[in-house]
Amino acid sequence: MHAGTVRRRHDTTAVNPRATHLSLALRHVAEASGQISRADIAARTGLNRSTASSLIDELITGGLVKETGATPRARAGRPATALALRDDGPAGLGVDVNVDYTAVCVVDLTGAVRYKHVVAEDQRGHTMTEILDRINTLSKAAHAAARADELTLCGSAIAVPGIVDRDRATVTLAPNLGWRDLDVTEVLPADVHGLLDNEANFAALSEPGLLHARASYLYVSGQIGVGAGIVLDGRLYRGTHGWSGEIGHLTVDRDGPPCPCGRRGCLERYAGQEAILRAAGVSSDPGTALGVRPTITLIADRARGGDPATLAALTRAGQVLGATLAGCLNLLDLGHVVLGGIYRDLAPWIAPEVEREVATQFLGAPWARPTVEVATYGPEAPAIGAARSVIHDVIGDPLRWLNR
């Protein structure tokens with residue numbers, strides 16, 4: 001098996017109490033933002049002080065945690081030593097392959113972006129070999145940048161706009177790229193294992209506040225197509241086969257226009273970028289904010305200028321999207337909707353319609369109505385989330401890093 005190929009990895013926390021305790025301690029350090037001590041960890045985990053201190057010593061020796069100085073104390077006595085994640089140890093590489101751009105980024109253990117590079121070029125005019133070569137070149141450059149910054153890449157992840165088979169490391173179907181049963185992980189640096197997932201799933205993992213709060217939310221990501229990432233109690237839900245979140249291909253009208261997926265009347269045909277452009281009377285192929293044709297900037301400019309056709313197109317898209325999301329929320333009972341991708345840029349016009357539909361169609365108690373929020377990051381979210389997914393794995397099972 002090629003070193004870059006996705007593989008089902010052994011979870012040491014499932015069978016090893018030490019691994020479980022290390023992960024528990026490290027998660028508390030990660031979520032405390034430098035305001036936690038050994039005693040705090042003992043109190044919050046229920047471990048005795050000796051055990052908690054021993055775990056922290058192991059994490060410090062392994063290059064995952066550092067001591068940052070004294071913590072403020074409300075009572076008299078010797079101040080405790082504050083703990084924080086190191087920013088000069090393990091790092092994750094994220095790659096986002098979309099219709100008209102390829103983006104790479106590196107994040108450190110704290111989640112901070114340390115390197116980012118985007119190549120804007122329409123992928124639809126190139127062969128799969130050419131696209132894979134570009135991924136390989138960009139990944140190697142990011143790998144070199146990480147080494148120069150004294151970071152150690154402990155993994156990588158590739159985001160693609162389509163259905164992914166994570167077990168076989170293949171893109172099952174990416175309609176807007178014309179891909180079927182393609183393995184893109186083979187072109188990753190040979191010493192870095194690779195993960196593969198849908199771009200909406202990885203974009204959902206770019207929301208640090210909601211993840212740390214163990215929130216449950218639906219992240220809607222629209223670029224050329226429309227997808228969603230489902231997060232339950234701070235963990236990404238992928239479904240039985242890893243295909244969850246294909247909201248763009250929920251049927252709105254069985255007699256509607258044909259979709260590249262092979263069916264008719266999909267949500268994407270009504271609330272996707274191409275549908276918005278067509279309804280607004282804009283004669284341009286859809287493009288992403290990072291790509292060669294940032295058509296959403298054009299739509300936003302026309303909306304700000306009060307163009308009636310554009311405003312009507314955005315209203316209709318928001319209504320259809322909101323109605324579809326309301327059905328998802330009634331099924332899943334989530335606390336938040338996060339509007340990402342093009343919907344983040346178009347939120348002034350899309351979000352009110354989504355909120356209105358959710359308020360009207362949500363079946364739960366009014367006090368439990370989900371909030372509609374705008375994503376933290378723009379079009380760079382999938383690459384950032386992909387890289388952070390690698391870091392989440394380290395925090396979830398630090399023993400793998402310590403035993404490397």
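Which side chain does the side chain of Gln123 meet in a polar contact of 2.7 Å? The partner is the side chain of Thr102, and the views below start there. This is a predicted model, in which local features need pLDDT of at least 70, side-chain atom pairs count only at pLDDT 80 or more, and totals for chains, interfaces and linings use all residues. Residues are numbered from 1 along each chain as its sequence is written, and side-chain values use heavy atoms, with hydrogens and water left out.

**View 1. Gln123 sits in the loop between strand 5 (113-120) and helix 4 (128-148).** Helices (H or I, at least four residues) and strands (E, at least two) are DSSP runs, numbered from the N terminus. Gln123 counts as buried because its relative accessibility is 2%; buried means under 20% relative accessible area, exposed over 50%, and partly exposed in between (1.4 Å probe, protein chains only). Besides Thr102, the side chain of Arg134 makes a polar contact with that of Gln123, at 2.6 Å. A polar contact is a pair of N or O atoms within 3.5 Å; within protein, one must be able to donate a hydrogen and the other to accept it, and residues adjacent in sequence count only if both atoms are side-chain atoms. Leaving aside residues up to four places away in sequence, Gln123 also touches others, including Val97, Tyr101, Ile131 and Leu177. Contact here means heavy atoms within 4.5 Å.

**View 2. Strands 7, 8 and 9 form an open sheet in the order 7-8-9, with antiparallel pairing.** Strand 7 (163-165) and strand 9 (179-182) are at the edges with a single partner strand each, so one side of each has no neighbour in the sheet. From one strand to the next, the twist averages 20°. Strand 8 (residues 170-174) pairs with strand 9 over 3 bridges; two strands pair if DSSP finds at least two bridges between them. Look for Val171, which stands opposite Leu182 in strand 9.

**View 3. Helix 8 (residues 273-280) has the buried residues Gln273, Ala275, Ile276, Leu277 and Ala280.** These buried residues pack against helix 7 (268-271), helix 9 (295-304), helix 10 (308-332) and helix 11 (342-345). Just after helix 8 comes Gly281, with a positive phi of about 80°.

**View 4. Residues 1-9 have pLDDT under 50 throughout.** pLDDT is the predictor's confidence in each residue, from 0 to 100. For the chain, the mean pLDDT is 87, and 91% of residues reach 70 or more.

Methods: Axes are lines fitted to C-alpha atoms, for helices over the stretch in contact, and angles run from 0 to 180 degrees between N-to-C directions.
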